Amino acid sequence: MARNAKNGLLAGLTVFLTLSSHSTAYAGQTGSGYDPNKEAIYVQVILTEAAGESEEGQVAVGEVLRNRHWSLRGFAGLKRPDLKQFLAGQNVQAVARAQRSLLRARGGSHIVGGATHFENVEAFGMPWWAKKMRVTAKISHHTFFKEVLE
């Protein structure tokens, strides 16, 4: 298996697809909307949204994905103009960490208190959509938010 940056993501996704075919123990805990055919895209969400975060920070992003019922809507990282180059530049270790983070989120981790949104508030400021939300966690650079039901 090639380990250079160009082949890093491809090699990692090959490993991931192998691992995911053995991860059916989580099937009942994945939440509605989970599609095993989209696991590579879910890993891409974690990589693009939390590449520089700790593994706990990546699990937290995975939880938000789960709490959104695995909807890909609203994840800005997937709209990067350099998405293909960014993903190709991820090494095998980075991809493996994102895969582990996804598996932990699928397995029912609870570190973001049901959050459905997150933002790097220090870098980008408080988002407009957070006005009617409460902060549930702060992990690494991300602040996590949950809607307040009135």
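**Helix H3 and its surroundings in the predicted model**

Helix H3 is mostly covered, with 11 of its 13 residues buried. The structure described here is a predicted model. From the first C-alpha of H3 to the last, the helix reaches 18 Å, close to the 18 Å expected at 1.5 Å a residue. The buried residues of H3 are Gly 57, Gln 58, Val 59, Ala 60, Val 61, Gly 62, Glu 63, Val 64, Leu 65, Arg 66 and Asn 67. Both helices and strands take part in the packing against these buried residues: helix H2 (39-50), helix H5 (92-106), strand E1 (117-119), strand E2 (133-139) and strand E3 (142-147). After H3 comes His 69, which has a positive phi, near 60°.

Among the buried residues of H3 is the acidic residue Glu 63, located in the segment that spans residues 55-67. Glu 63 has a relative accessible area of 1% and is therefore classed as buried, the cut-off being under 20%. The side chain of Glu 63 reaches the backbone nitrogen of Ile 111 at 2.8 Å. Residues up to four places away in sequence being excluded, Glu 63 touches Ala 105, Ser 109, His 110, Ile 111 and Val 112.

Helix H5, one of the elements against which the buried residues of H3 pack, was examined in the same manner. The 15 residues of H5 should span 21 Å at 1.5 Å a residue, and the end C-alpha atoms of H5 are 21 Å apart, in agreement with that value. At the start of H5, a side-chain oxygen of Asn 91 comes to within 3.1 Å of the backbone nitrogen of Gln 93. Buried positions in H5 comprise Val 92, Ala 94, Val 95, Ala 98, Gln 99, Ser 101, Leu 102, Leu 103, Ala 105 and Arg 106. Gly 108 follows H5 and has a positive phi, near 105°.

The largest nonpolar core contains 26 residues, and those with the most contacts inside it are Leu 47 and Phe 144. Two or more residues are given to this core by each of H2, H3, helix H4 (83-88), H5 and E2. The greatest share comes from H2, which gives 6 residues. Leaving aside neighbours within four places in sequence, Phe 144 is in contact with Ala 60, Val 61, Val 64, Val 112, Ala 115, His 117, Phe 118, Arg 134, Val 135, Thr 136, Ala 137 and Ile 139.

The loop between H5 and E1 holds Thr 116. With a relative accessible area of 16%, Thr 116 falls under the 20% cut-off and is therefore buried. A polar contact of 2.8 Å joins the side chain of Thr 116 to the side chain of His 117. Not counting residues up to four places away in sequence, Thr 116 touches Val 64, Asn 67, Arg 68, Met 133, Phe 145, Lys 146 and Glu 147. The C-alpha atoms of Thr 116 and Glu 147 are separated by 7.6 Å, although the two residues lie 31 residues apart along the chain.

The largest pocket encloses about 390 Å³ of space. Its lining is made up of 19 residues, of which Glu 49, Phe 118, Glu 119, Phe 124 and His 142 are the closest to the centre of the pocket. The elements that give two or more residues to this lining are H2 and E1.

Note on methods
Residues numbered from 1 in each chain as written. Predicted model: local features only at pLDDT ≥ 70, side-chain atom pairs only at ≥ 80, totals over all residues. Heavy atoms only, no water. Helix = DSSP H or I, 4+ residues; strand = E, 2+ residues; numbered from the N terminus. Buried < 20%, exposed > 50% of the residue type's maximum accessible area, 1.4 Å probe, protein only. Polar contact = N/O pair within 3.5 Å; in protein donor to acceptor, adjacent residues only side chain to side chain. Contact = heavy atoms within 4.5 Å. Expected span 1.5 Å × (residues − 1). Core = buried A, V, L, I, M, F, W, Y, C linked by side-chain atoms within 4.5 Å. 1 Å grid on protein atoms, 1.4 Å probe; cavity = no way out; pocket = protein on both sides within 12 Å on 5 of 7 lines; lining within 4 Å. Points joined across faces, edges and corners; volume = space filled by probe spheres on them.
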